[in-house]
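Student: I would like a close look at one part only, the pairing of charged side chains. How many salt bridges does a search of the whole structure find, and where do the partners lie in the helices?

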Amino acid sequence: MIGLPGRARGRRTRGAQRRKPVNPLAVAAIVIVVAGLGTYWAFARSLPFLSSPFTMYAVVRDSVDIIPGSPVRIAGIDVGSVTGTQPDGGFTKIAFTLNSNGLPVHTDATATIRDRLFLEGGYYVALNPGSPSAPAARSGYTIPVSNTAYPVQFYQVLSTFNLAARQSLENTLTNLNTGFAPPGNSAPTEANSGAGGLKATIPQLTPTLKDIAWVTQALRGTQPGDLERLLAYGSDVTSTLAANSMQLSALVTGLDRTSGALASTDGSLEQSIAGLDRTLRVAPPAMSAVDRALPPLTHLAVVLDPSLRLAPPIVAGLTHAVVKLASVLAPAERVRLIKSLRTTFVSFPKTVHEMGVLFPITKGVTDCLRTHVTPILKRTVPDGSLSTGAPVWLDFVHLLSGLTNAVQDFDGNGYWIRVIGAVGNNTLTVTKLWSLLGGSHKQPYNGARPNWVGDLTASDFRPDVPCTSQPLPSLAASTSGRGH
């Protein structure tokens, strides 16, 4: 160790003599203050005089017996305390402070006044800090009355038992007494009292309770959210019942009358229950048969599904037809329809009789048309190179249209002169006509095409022979001559 010079050692000794000793009281005070602040911070999570407390308010309809100092809890953990209450119109405003372990609180927070434990006594404020998606509330925020609740008091429960409710309760207890008691004044036994019957029924309830357990298990659903949907639908039902109080009251009154009628005829009810018991005894085989029939029924449903898809238009058409039929059979149309049907049923037999007389007479005509006239109209006229190949009836139609078009050339203003003089073999040719007029044309114009097939004689007409048995006339024509 290196020693210091003598002059330096002298200066250090004189400085140590001038330094004042530390006051023990100041050290103790500092230690006490630091320990107190640490302890306060450990429990209050804040330091006094350094930060103001986080204060909130909650407006409730009834503050019950909440007092200053009552705890404020989130999920059962103390996060603050009530500092006071004050009237706020028809409501009460509760002021409370929150520690840092109760923050943050959001603007959709809710507050509920709840009973404390039996040993604690009094009430506390159960605070729900709200959802993280909502904005954070600042100190001084007031929870509205729509987000607060308070416990129902015993006097409020009793106030619901008005005269009608008490009378209904009395009737219920009376009916229970009647149901469980033996008839008349006889001594109660298991055979003649409702209580005894219930006791005898308990061993038979094992299958029923097992079924109830299965139903209860099924009510939990098979997928997440099934129970939530069930509760939502149940809420809708109860809301509907609450909105229709008159109908609900009528339903309860009807159930009361039904139960009264059943109580008055307990013997018949006993027989019905016994019959139901026998039915349930034979039900399992029947249900097993139904279970065996379900697969074929399922297959039938699958087969019928395409038909059912096509059924709505058919049913709609049938419905439309039925509506039309109903309009025809309406009272306004029924009288006219009956009159028309009466006329038909009265006149139709006479008409049928007259047609029975007429048909034998006209049968020969129709047969002749079928066997002789129609085949001739369908045949073609042979005319050599000038043959049209069309049937007779079509040539006749063309003739009519040709005559119609040619009429305009054979009136007084036309420029054609046509002389038709072909009757049998006495043909007046153009050459002869030209010679009569002084002409010298050497080329004759002979006849028309097709040539005439000949005149009919008296023997060709046989009115004594049926038309159907006579031969068809020949349409063969000579094509040796020229004609125009």
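Tutor: What follows takes the salt bridges helix by helix and ends with a residue beside one of them. The model is predicted, so local features are given where pLDDT is at least 70 and side-chain atom pairs count only at pLDDT 80 or more, while totals for chains, interfaces and linings use all residues. Residues are numbered from 1 along each chain as its sequence is written, and side-chain values use heavy atoms, with hydrogens and water left out.

Side chains of opposite charge can pair when their charged atoms come close. A search of the whole structure finds five salt bridges (a side-chain nitrogen of Lys or Arg within 4 Å of a carboxyl oxygen of Asp or Glu), and among them are the pairs Arg229 with Asp226, Asp305 with Arg309 and Arg370 with Asp367.

Take helix 7 to begin with, which covers residues 226–243 (helices are DSSP runs of H or I, at least four residues, numbered from the N terminus). Arg229 and Asp226 both belong to helix 7, where three residues, or about one turn of the helix, lie between their positions, and their side chains meet with an N to O distance of 2.2 Å. As for how open the two partners are, Asp226 counts as buried because its relative accessibility is 19%, whereas Arg229, at 38%, counts as partly exposed (buried means under 20% relative accessible area, exposed over 50%, and partly exposed in between, with a 1.4 Å probe and protein chains only).

In helix 9, which spans residues 266–328, the spacing in sequence is four residues, again described as about one turn of the helix. Here the acid comes before the base in sequence: Asp305 and Arg309 are the partners, and the salt bridge between their side chains has an N to O distance of 2.9 Å. Asp305 has a relative accessible area of 32% and is therefore partly exposed, while Arg309 reaches 61% and is therefore exposed.

Helix 10 carries a further pair, and because Arg370 and Asp367 sit three residues apart in this helix, about one helical turn separates them. The closest N and O atoms of the salt bridge that Arg370 forms with Asp367 are 3.6 Å apart. This pair joins a buried partner to an exposed one: Asp367 has a relative accessibility of 17% and so counts as buried, whereas Arg370, at 55%, counts as exposed.

The sequence next to Arg370 offers a way to follow helix 10 outward. Thr371 is found in this helix, which runs over residues 331–378, and with a relative accessible area of 22% Thr371 is partly exposed. If residues up to four places away in sequence are set aside, Thr371 touches Thr468 and Leu472 (contact means heavy atoms within 4.5 Å). A link across the sequence also appears in the backbone positions, since Thr371 and Cys467 are 96 residues apart in sequence and yet 8.4 Å apart in space, C-alpha to C-alpha.

To return to the question, the pairs described lie within helix 7, helix 9 and helix 10.

Conventions
Helix = DSSP H or I, 4+ residues; strand = E, 2+ residues; numbered from the N terminus.
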